[in-house]
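User: I am new to this structure and would like to understand its salt bridges. Please explain how each label is reached.

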Amino acid sequence: MDYAIVKTGGKQYRVSPGDVLDVELLTAEEGATTQFDEVLAVSRDGEVAGARVIAQVQSHYKDKKVIVYKYKAKTRYRRKRGHRQNYTRILIQDIESGG
């Protein structure tokens, strides 16, 4: 089984061809093909120089809202904020080795 470790959005992912993965928002349009050049490891031959991962962008979406609530007792201090993270769902198509 071939796999690679890819870095995108400040995180590292272990990917194989055919995997569907949710990563932080990418600028590519839906249906477009994108490539990840920052490959940290490859299982096949270990040749990392020049290796890349080809993926197809399936969709963009927002995650569930996360509520952040700060509270300090007896001082009337209360702050409520919400956050929704943007994600891109990708389909890993191929892992090209550097050699």
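**Salt bridges and their residues**

Analyst: E24 has a relative accessible area of 26% in this predicted model.

User: Why is E24 called partly exposed?

Analyst: Buried means under 20% and exposed over 50%. The 26% of E24 lies in between, so E24 is partly exposed.

User: What makes K11 and E24 a salt bridge?

Analyst: Their side chains meet at 2.4 Å, N to O. The cut-off is within 4 Å, so the pair counts as a salt bridge. K11 lies in strand β2 (residues 11–15) and E24 in strand β3 (residues 20–24), 13 residues apart.

User: Why does K11 count as partly exposed?

Analyst: K11 has 38% relative accessibility. Partly exposed is the class between under 20% and over 50%, so K11 belongs there.

User: How do you know that D22 and R89 form a salt bridge?

Analyst: The N to O distance is 2.8 Å, and the limit is 4 Å. The pair therefore qualifies. D22 is in strand β3 and R89 in strand β9 (residues 86–96), so the bridge ties together parts 67 residues apart in sequence.

User: What makes R89 partly exposed?

Analyst: Its relative accessible area is 31%. Buried would need under 20% and exposed over 50%, so R89 is partly exposed.

User: Why is the pair of E96 and R52 called a salt bridge?

Analyst: Their side chains meet at 2.7 Å, N to O, and the definition asks for within 4 Å. E96 sits in strand β9 and R52 in strand β6 (residues 52–62), 44 residues apart.

User: How many salt bridges does a search of the whole structure find?

Analyst: The search finds three.

Terms used. Residues are numbered from 1 along each chain as its sequence is written. This is a predicted model: local features need pLDDT of at least 70, side-chain atom pairs count only at pLDDT 80 or more; totals for chains, interfaces and linings use all residues. Side-chain values use heavy atoms; hydrogens and water are left out. Helices (H or I, at least four residues) and strands (E, at least two) are DSSP runs, numbered from the N terminus. Buried means under 20% relative accessible area, exposed over 50%, partly exposed in between (1.4 Å probe, protein chains only).
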